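Student: I have not seen this structure before. Could we go through it step by step?

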Amino acid sequence: MSTKPSNTPPPQTTAQATLSGVGNLIKLLPTGTVFVFQFLNPVLTNNGQCHAINKYLTSFLIAACGVSCCFASFTDSYTDSDGVVHYAVATAKGLWPSSSTEDLSSYKLRFGDFVHAFFSLVVFAVVSLLDPNTVECFYPSFESAQKALLMAMPPVIGAISGAVFVWFPNKRHGIGYPASGQT
């Protein structure tokens, strides 16, 4: 008696769905951007002992890293027919710049890309604006007066963002992520 292998994948267990959701949450923030912020923030805030120039430099760092988080949501990669990985920006028609021989219309912008960009920015804002050095630099009295808010806000935003990313899973394989298997 022989059995034929089934081409349908097995049903996803709760643990697999949870791990998939965590994987999508990990893709919320480009790790390089968060690393740059965590590395430069203590230097630019002078470990929280800010002067006017420190505030300007830290504001620029937060803004630049926030733009980077949003921009990463609109990047993708593809492997061409020669096996070379190309990175590009998603547009309404596909990817740009693109190879003239490849049909990349399936990579066009989607509503989920904007959702990812927004929530990436929100998560980065919470991470950066509630960083101890940033708090002490920009609003030092806030730390002692609103300690409960500082402790509760990151997990709440993380849980909300995690739920949204489970509903809108990220299909992009942007800069800094492994390339997709599509050609």
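**Questions on the fold, one helix and its salt bridges**

Student: In what pattern do helices and strands follow each other along the protein chain?
Tutor: This is a predicted model. The protein chain has 7 helices and 3 strands. Read along the sequence, they give the pattern α-α-α-β-β-β-α-α-α-α.

Student: What share of the residues in the protein chain is buried?
Tutor: A residue counts as buried when its relative accessible area is under 20%. The protein chain has 183 residues, and the buried share of them is 34%.

Student: How far does helix H3 reach from its first C-alpha to its last?
Tutor: Helix H3 covers residues 52–72, which is 21 residues. At 1.5 Å a residue, a span of 30 Å is expected. The model comes close to that, with a reach of 30 Å.

Student: Where do the buried residues of H3 lie, seen down its axis?
Tutor: The buried residues of H3 include Asn 54, Leu 61, Cys 65 and Ala 72. Seen down the axis of H3, the buried residues fall within an arc of 130 degrees, so they line one face of the helix. On the other side, Ile 53, Tyr 56, Phe 60 and Val 67 are exposed. The buried residues thus lie on one face, within an arc of 130 degrees.

Student: Which elements do the buried residues of H3 pack against?
Tutor: Three of the partners are helices and one is a strand. They are helix H2 (31–44), strand E1 (75–79), H4 and helix H5 (132–138).

Student: Which residues are linked in a network of salt bridges?
Tutor: Asp 76 pairs with Arg 172, with the closest N and O atoms 3.0 Å apart. Asp 76 lies in strand E1 and Arg 172 in the segment after helix H7 (147–167), so this pair ties together parts that are 96 residues apart in sequence. Asp 113 also forms a salt bridge with Arg 172, at 2.7 Å. The network therefore links Asp 76, Asp 113 and Arg 172.

Student: Is Arg 172 buried or exposed?
Tutor: The cut-off for buried is under 20% relative accessible area. Arg 172 has a relative accessible area of 4%, so Arg 172 is buried.

Student: Which backbone oxygen does the side chain of Ser 120 reach?
Tutor: Ser 120 is found in helix H4 (residues 111–129). At 2% relative accessibility, Ser 120 counts as buried. At a distance of 2.8 Å, its side chain reaches the backbone oxygen of His 116.

Conventions: Residues numbered from 1 in each chain as written. Predicted model: local features only at pLDDT ≥ 70, side-chain atom pairs only at ≥ 80, totals over all residues. Heavy atoms only, no water. Helix = DSSP H or I, 4+ residues; strand = E, 2+ residues; numbered from the N terminus. Buried < 20%, exposed > 50% of the residue type's maximum accessible area, 1.4 Å probe, protein only. Polar contact = N/O pair within 3.5 Å; in protein donor to acceptor, adjacent residues only side chain to side chain. Expected span 1.5 Å × (residues − 1). Arc of directions from axis to C-beta. Contact = heavy atoms within 4.5 Å. Salt bridge = Lys/Arg side-chain N within 4 Å of Asp/Glu carboxyl O.
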